[in-house]
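Q: Hey, I've just opened this one and I'm new to it. Can you walk me through it?

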Amino acid sequence: MISVVIPTLDAEVTLAQTLRGLVSASVDGVVRQVIVSDGGSRDRTLDIADDAGADIVKGPAGRGEQLRAGAAKARFPWLLFLHADTILDPTWTEDSLAFIERASREGRPRRAAAFRFAVDQKGLAPRLLEGAVAVRNRLMKLPYGDQGLLISRSFYDELGGYSNRRIMEDVDLVRRISRRRIEVLTARAVTSAARYREQGYVARVARNQLCLALYFAGASDSKVEALYRGRSAPAKSTLDPAPSGRRT
């Protein structure tokens with residue numbers, strides 16, 4: 001029923017746990033295919049994917065392009081896009097099947113779902129972050145890629161799929177799906193808090209929001225990515241992509 005697409009780049013630390021979270025659904029026949037779309041890993045990422053029986057797609061680094069390449073290899077009618085450092089709650093299968101049933105009543109499902117955001121760290125700052133994301137989801141219906149995305153293959157194709165952008169590919173697709181067709185399920189997508197621990201919650205959140213603001217203002221992907229990665233933006237050249245967008 002579901003093909004899971006996971007983009008990876010040197011993800012050996014987290015990928016095994018992410019894949020383990022799919023085992024029960026695979027045994028039950030809900031997950032029929034797992035695709036690891038790799039952007040040139042130099043660690044044990046591909047060994048882990050191969051040991052787990054995942055289909056492997058290799059290509060250039062860039063999350064949008066990797067997601068697009070993975071989806072092109074999917075064989076089943078529903079797609080679940082999942083980050084390599086995100087673990088789904090055990091209840092995700094039940095919630096997903098209920099959503100698929102609701103969406104399928106329309107005949108041709110034209111809806112998508114994400115999971116409730118959570119981070120794998122205890123303390124006040126992680127809980128405040130989770131609360132802020134929950135408010136954003138309620139008011140803006142704007143889940144990010146770290147919440148996963150469950151969408152029918154037919155609707156994904158109708159929308160044109162992920163764009164080949166290096167950053168903000170998640171926001172770009174969600175905007176095309178439209179707010180009224182997005183649902184946030186009860187099950188959590190628990191993502192790694194590593195980046196927040198390293199950079200500080202306030203600094204990381206502020207940088208994310210500035211990236212989002214630049215995206216909506218039409219800044220080039222290279223400028224948004226430079227800010228997100230914490231480096232200087234490259235000089236403008238004729239090779240820069242046309243202004244459009246993405247966040248993280």
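A: Sure. This is a predicted model. A good place to start is helix α10, which gives the most to the lining of the largest pocket, with six residues.

Q: OK, what's the volume of that largest pocket?
A: About 1,100 Å³. It has 44 lining residues, and the closest to its centre are Arg63, His83, Asp85, Arg195 and Tyr228.

Q: Which elements give two or more residues to the lining?
A: Those are β1 (2-8), α4 (63-72), α6, α9, α10 and α11.

Q: Back to α10, then. How many residues does it have, and how far does it reach?
A: Helix α10 covers residues 201-216, so to speak the whole run of 16 residues, and reaches 23 Å from its first C-alpha to its last. The expected figure, at 1.5 Å a residue, is 22 Å, and the helix comes close to that.

Q: Which of its residues are buried?
A: In α10, the buried ones are Tyr201, Arg204, Asn208, Cys211, Leu212 and Tyr215. Looking down the axis of α10, you'd find its buried residues within an arc of 100°, so they line one face of the helix.

Q: And what covers those buried residues?
A: The cover includes β6 (112-119), α6 (124-140), α8 (169-177), α9 (194-199) and α11 (221-229).

Q: What about just after α10, which residue there takes a positive phi?
A: That's Gly218, with a phi of about 90°.

Q: You mentioned α4 too. Which residues are buried in that one?
A: In α4, Gly64, Gln66, Leu67, Gly70 and Ala71 are buried. Down the axis of α4, these buried residues fall within an arc of 165°, so they line one face of the helix.

Q: What do they pack against?
A: The buried residues of α4 pack against β1, β2 (31-38), β4 (78-81), α7 (153-159) and α8.

Q: Switching topic: how many cavities of 30 Å³ or more are there?
A: The count comes to one. The largest cavity holds about 100 Å³ of space. Of the 14 residues that line it, the closest to its centre are Gly145, Gly148, Leu149, Tyr162 and Asp170.

Q: Which element gives the largest share of that lining?
A: That would be α8, with three residues.

Q: Let's do some single residues. Where's Thr86, and is it buried or exposed?
A: Thr86 sits in strand β5 (residues 86-88). Its relative accessibility is 0%, so Thr86 counts as buried.

Q: What does its side chain make a polar contact with?
A: The side chain of Thr191, at 3.3 Å. Setting aside neighbours within four places in sequence, Thr86 is in contact with Thr18, Asp146, Ala189, Val190 and Thr191.

Q: And Pro109, where is that?
A: Pro109 is in the loop between α5 (92-104) and β6. With a relative accessible area of 12%, Pro109 is buried.

Q: What is Pro109 in contact with?
A: Leaving out neighbours within four places in sequence, Pro109 touches Trp78, Ala103, Ser104, Ser152, Ser154 and Phe155. Tyr162 is 53 residues from Pro109 along the chain, and their C-alpha atoms are separated by 18 Å.

Q: Last one: where's Val23, and how exposed is it?
A: Val23 is in helix α2 (residues 23-27). Val23 is partly exposed, with a relative accessible area of 45%. Val23 and Ala52 are 29 residues apart in sequence, and 9.4 Å apart from C-alpha to C-alpha.

How values were computed
Residues are numbered from 1 along each chain as its sequence is written. This is a predicted model: local features need pLDDT of at least 70, side-chain atom pairs count only at pLDDT 80 or more; totals for chains, interfaces and linings use all residues. Side-chain values use heavy atoms; hydrogens and water are left out. Helices (H or I, at least four residues) and strands (E, at least two) are DSSP runs, numbered from the N terminus. The expected span of a helix is 1.5 Å times one less than its number of residues. Buried means under 20% relative accessible area, exposed over 50%, partly exposed in between (1.4 Å probe, protein chains only). The arc is that of the directions from the helix axis to the C-beta atoms. Contact means heavy atoms within 4.5 Å. A polar contact is a pair of N or O atoms within 3.5 Å; within protein, one must be able to donate a hydrogen and the other to accept it, and residues adjacent in sequence count only if both atoms are side-chain atoms. On a 1 Å grid over the protein atoms alone, a cavity is a set of points where a 1.4 Å probe fits but cannot get out, and a pocket is an open set with protein on both sides within 12 Å along at least five of seven lines; lining residues have an atom within 4 Å of a point. Grid points are joined across faces, edges and corners, and a volume is the space filled by probe spheres set on the points.
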